[in-house]
Amino acid sequence: MRCPFCGNLDDKVLESRSMANGESIRRRRECTSCGYRFTSYEHIEEKQFMVVKRDGRRQNFDRAKLTKGIERALEKRPLTPEMIENLVAEIEEMAVMKGKTTREISTAELGDLVLEKLFTVDKVAYIRFASVYRHFENIEEFMTEIQKLGEKE
C-alpha cells in the first residue's frame, strides 16, 4: 500500500478489524519509511452496487461522490478526516446491508441514511445536507427542519 504522506510502498499493518459482517476489513497501517499512520479498507469485489436515481436511472455506487457530499456538509466543522472516512464507511456499510438482496439502493434511502448518521454526529451538517438533499427553496423550509430537529432531541 502506498503511503499517502511520502509515497513509499512499504508499510506494516498495526491492526485489522472486520466490518460489514466480514465483507470488508479495516486496516490501520504505518509507513516503514516515515512512520505516518493511515487507514485502508479492503472490500470483496462483487457485482457492482447500484444507486437508483429519482427518475429511474441506475448508476454505479460512487463512494467518492458520497464522500464529497458529506465533506461539503461538514466543511469547517470539528471533525477530523479520519472521522469523516469512518462515517462514510459506516454509511456505505449500511447502504450495502439495506440493498443486500437486490444490490441496489434508491437515492432517497441513501440520503436518509446520510441524514440519520449526520444527525448523530453534527446537527449543523445535518441541516446543511438536508437543505441540499430536500431542495430547500426558502427560509420557512429551513425553519421547519430546525424545529423538527429540536423535537427529535
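Contact here means heavy atoms within 4.5 Å.

**Figure 1. Overview of the predicted model.** The structure shown is a predicted model. Its secondary structure comprises 5 helices and 6 strands. Read from the N terminus, the elements follow the order β-β-β-β-β-α-α-β-α-α-α. Along the principal axes, the C-alpha atoms occupy a box of roughly 55 × 35 × 25 Å. Of the 153 residues in the protein, 38% are buried. Among contacts with a separation of 6 or more, 41% join residues that lie 24 or more positions apart.

**Figure 2. The buried face of helix α1.** Helix α1 covers residues 63-73. Its buried residues are Arg63, Leu66, Thr67, Gly69, Ile70 and Ala73. When the helix is viewed down its axis, these buried residues fall within an arc of 165°, so they line one face of α1. Ala64 and Lys68, on the other side of the helix, are exposed. The cover over the buried residues of α1 includes strand β3 (37-43), together with the helices α2 (81-98), α3 and α4.

**Figure 3. The packing of helix α1 against helix α4.** Two packed helices are described by the angle between their axes and the distance between the axes. For α1 and α4 (residues 123-133), the angle is about 120° and the axes are 8 Å apart. The two helices are therefore oblique to each other; angles of 65 to 115 degrees would count as roughly perpendicular, and those over 145 as roughly antiparallel. Helix α1 contributes Gly69, Arg72 and Ala73 to the contact, while α4 contributes Ala125, Arg128 and Phe129. Sorted by class, the residues of this contact are 3 nonpolar, 1 polar and 2 charged. Two of the contributors from α1, Gly69 and Ala73, also appear among the buried residues of that helix.

**Figure 4. Helix α2 and its surroundings.** Helix α2 has 18 residues, and the distance from its first C-alpha to its last is 26 Å, close to the 26 Å expected at 1.5 Å a residue. The buried residues of α2 are Ile84, Leu87, Val88, Ala89, Ile91, Glu92, Ala95 and Val96. These residues pack against the strands β1 (11-19), β3 and β6 (104-106), and against the helices α1 and α3.

**Figure 5. Helix α3, its span and its buried residues.** Helix α3 consists of 15 residues, numbered 107-121. At 1.5 Å a residue, a helix of this length should span 21 Å, and the end C-alpha atoms of α3 are indeed 21 Å apart, which agrees. The buried residues of α3 are Thr107, Leu110, Gly111, Leu113, Val114, Leu115, Lys117, Leu118 and Phe119. Helix α3 is one of the elements that cover the buried residues of α1, and the buried residues of α2 pack against α3 as well.

**Figure 6. Two loop residues with positive phi.** Lys76 is found in the loop between α1 and α2. Its phi is near 60°, a positive value in a residue other than glycine. Lys76 counts as exposed because its relative accessibility is 77%, and the cut-off for exposed is over 50%. Arg103 belongs to the loop between α2 and β6. The phi of Arg103 is near 60°, again positive in a residue other than glycine. Arg103 has a relative accessible area of 17% and is therefore buried, as the term applies to values under 20%.

Conventions: Residues numbered from 1 in each chain as written. Predicted model: local features only at pLDDT ≥ 70, side-chain atom pairs only at ≥ 80, totals over all residues. Heavy atoms only, no water. Helix = DSSP H or I, 4+ residues; strand = E, 2+ residues; numbered from the N terminus. Expected span 1.5 Å × (residues − 1). Buried < 20%, exposed > 50% of the residue type's maximum accessible area, 1.4 Å probe, protein only. Axes fitted to C-alpha atoms, helices over the stretch in contact; angles between N-to-C directions. Parallel < 35°, antiparallel > 145°, perpendicular 65-115°, else oblique. Nonpolar A, V, L, I, M, F, W, Y, C, P; charged D, E, K, R; others polar. Arc of directions from axis to C-beta.
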